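I opened the file and kept notes as I went. The entries follow the order in which I looked things up.

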Amino acid sequence: MKARILDRANVLKIVDLLREQGREVFAPFGGRGRDTFFDLVTNDNRDQIEIHLPNPYYPPKRFLLPHIERLFRIQRTNGLIQIEPTYREPRRAIFGIRSCDLAGIWHLDRFYLGREYRDVYYEKRRRNLFLVNVVCTDVERDIDDDCFCVCADTGPAARDHFDLQLMDLGDEFMVVAGTPEGEALFADPVFRKASPNHVEKRRAILSAVRKRFKVATSWFSATVRYVSLGKVMEKTWEEVGNRCLECGGCSYVCPACTCFTVSDRQLGTQEAERVRIWDACALGGFTRMAGGHNPRKAVHDRRNRRFFRKLAHHFIQRELSMACAGCGRCAEVCHGDVGMPSVVEMIRRASAEVDKHEPVSH
Ligand code: SF4
Ligand code: SF4
């Protein structure tokens, strides 16, 4: 992968080049306190873009999978029914997407495009999306207490799935191209060639940053094994379920959750639309069927489904990607402290207790 160097003062030149291509560019901004968000870059806010800040809770997956989206419109004219799909094919870029969220988008790609059925709505948005990854290097601002990309093997520096990757080296940024479209931007004279010293400096910074993560989820792989082999005890799932308030927050902030529901809405006497809306397995109605039967009525039955979906080998193999990117958002928003790191720890502790082979004395 080709690398170039940008002076710190020129780093937003990338945003300018992408806007000159006619793209809508979304970038991270700071609000009050911990509040951070992705927003459309305009001439007025361009200079307020922040490179280092806590990752926004509302994940950038919404630029591919809006939380509510019209699929088609149904109209009756003179007794004839017409169905008109609503496709949107925006030319967009996300500047400043973190490595965990890139892994989340890769998981969505595998889910929506990677098997026999391709989701045409997702595909049209994905086709023209340019991704500029920023490596988390500022341990005070970029890395939250609950981040564990190092354990999920998604960060802090993504290895692929970006068009450009930016890494802060101090006075300069190293820019790596991951696709021909990314490399094409290097034609601008603002980019300089990188030297072996730059590459060495990048390696040293990454090595130091990796040691600063606080969450100890080195049990992640053991938990994948316990979940895949069905070794998690019912009482552990019940404990997780008892602590869940069924708010759905963990799914809404998750960059790798894929579930949606569809609903029809009447718009007038002769017009209706079908929309899809993010859904969450924590919500009581998630598994309710027509007629009212709900095979997963108990909250712990729906909670264990979430962790099977994210950690069981069957799903990882099916999608060649894990449905957890290690972003830590679910741990940050959960009122019951049953985000991914806590559940991994609960499963590992409880299962290891049962699994242990103690010597007998007789
Ligand atoms: S965020 Fe926590 S309390 Fe809310 S649905 Fe998820 S697990 Fe339950
Ligand atoms: S399960 Fe939690 S930690 Fe994993 S990607 Fe989703 S929100 Fe992030």
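**Entry 1: the sheet.** I started with strand order. The open sheet has eight strands, in the order β3-β2-β6-β7-β8-β9-β1-β10, and its pairing is mixed. I then checked the edges. β3 and β10 (192–193) stand there with a single partner strand each, so one side of each has no neighbour in the sheet. I note that this is a predicted model.

**Entry 2: around β2.** I followed β2 (residues 24–30) to both of its partners. With β6 (residues 92–97) I find parallel pairing over three bridges. Glu24 has Arg92 as its bridge partner in β6. With β3 (residues 36–40) the pairing is antiparallel, over five bridges. There, Phe29 is bridged to Phe37 of β3. The mixed pairing of the sheet thus shows up on this one strand: parallel to β6, antiparallel to β3. I also looked at the turn. β2 and β3 make a hairpin with five residues between them, and Gly33 in that turn has a positive phi of about 60 degrees.

**Entry 3: the core.** Which residues touch the most other members of the largest nonpolar core? I get Phe95, Val132 and Leu164, out of 82 residues. Helix α2 (residues 99–113) gives the most to this core, eight residues. Domain 1 (3–210) and domain 2 (220–355) each contribute at least three residues to the core. I listed the contacts of Val132, leaving out residues up to four places away in sequence. They are Ile14, Ala93, Ile94, Phe95, Gly96, Ile97, Asp163, Leu164 and Leu166. Phe95 and Leu164 are on that list, and both also rank with Val132 in the core. As background, nonpolar side chains tend to be buried together in soluble globular proteins.

**Entry 4: the two domains.** The assignment splits the protein chain into domain 1 (3–210) and domain 2 (220–355). I get 26 Å between their centres, taken over C-alpha atoms. The contact takes 33 residues from domain 1 and 31 residues from domain 2. On the domain 1 side, β4 (68–77), α2 and α4 (149–152) supply at least two residues each. That side divides by class into 16 nonpolar, eight polar and nine charged residues. Helix α2 therefore appears twice in my notes, as the helix that gives the most to the core and as a supplier of the domain contact.

**Entry 5: the ligands.** I took ligand 1 before ligand 2. Ligand 1 has 13 residues around it, and Cys244, Cys247, Cys250, Ala282 and Cys334 come nearest. Its shell holds eight nonpolar, four polar and one charged residues. Ligand 2 has 14 residues around it, with Cys254, Cys324, Cys327, Arg329 and Cys330 nearest. By class I count nine nonpolar, three polar and two charged there.

**Entry 6: backbone oddities.** I searched for cis peptides and positive phi. Gly155 and Pro156 are joined by a cis peptide bond, with omega about 5 degrees. Pro156 lies in the loop between α4 and β8 (164–168).

Glu246 is not a glycine, yet its phi is positive, about 60 degrees. The residue sits in the loop between α8 (234–243) and α9 (249–253). Is Glu246 exposed or buried? Partly exposed: 16 other C-beta atoms lie within 10 Å.

Asp337 is not a glycine either, and its phi is positive at about 55 degrees. I find Asp337 in the loop between α12 (329–333) and α13 (340–355). Asp337 counts as exposed, because it has 11 C-beta neighbours inside 10 Å.

Note on methods
Residues are numbered from 1 along each chain as its sequence is written. Chains are lettered from A and ligands numbered from 1 in the order in which they are written. This is a predicted model: local features need pLDDT of at least 70, side-chain atom pairs count only at pLDDT 80 or more; totals for chains, interfaces and linings use all residues. A nonpolar core is a set of buried Ala, Val, Leu, Ile, Met, Phe, Trp, Tyr and Cys residues joined through C-beta atoms within 7 Å. A residue is buried if 20 or more other C-beta atoms lie within 10 Å of its own, exposed if 12 or fewer, and partly exposed in between; C-beta atoms are placed from the backbone. Helices (H or I, at least four residues) and strands (E, at least two) are DSSP runs, numbered from the N terminus. Domain bounds come from an automatic or database domain assignment. Two residues are in contact if their C-beta atoms, placed from the backbone, lie within 7 Å. A residue is near a molecule or strand if its C-beta atom, placed from the backbone, lies within 6 Å of it. Ala, Val, Leu, Ile, Met, Phe, Trp, Tyr, Cys and Pro count as nonpolar, Asp, Glu, Lys and Arg as charged, and the others, Gly among them, as polar. Two strands pair if DSSP finds at least two bridges between them.
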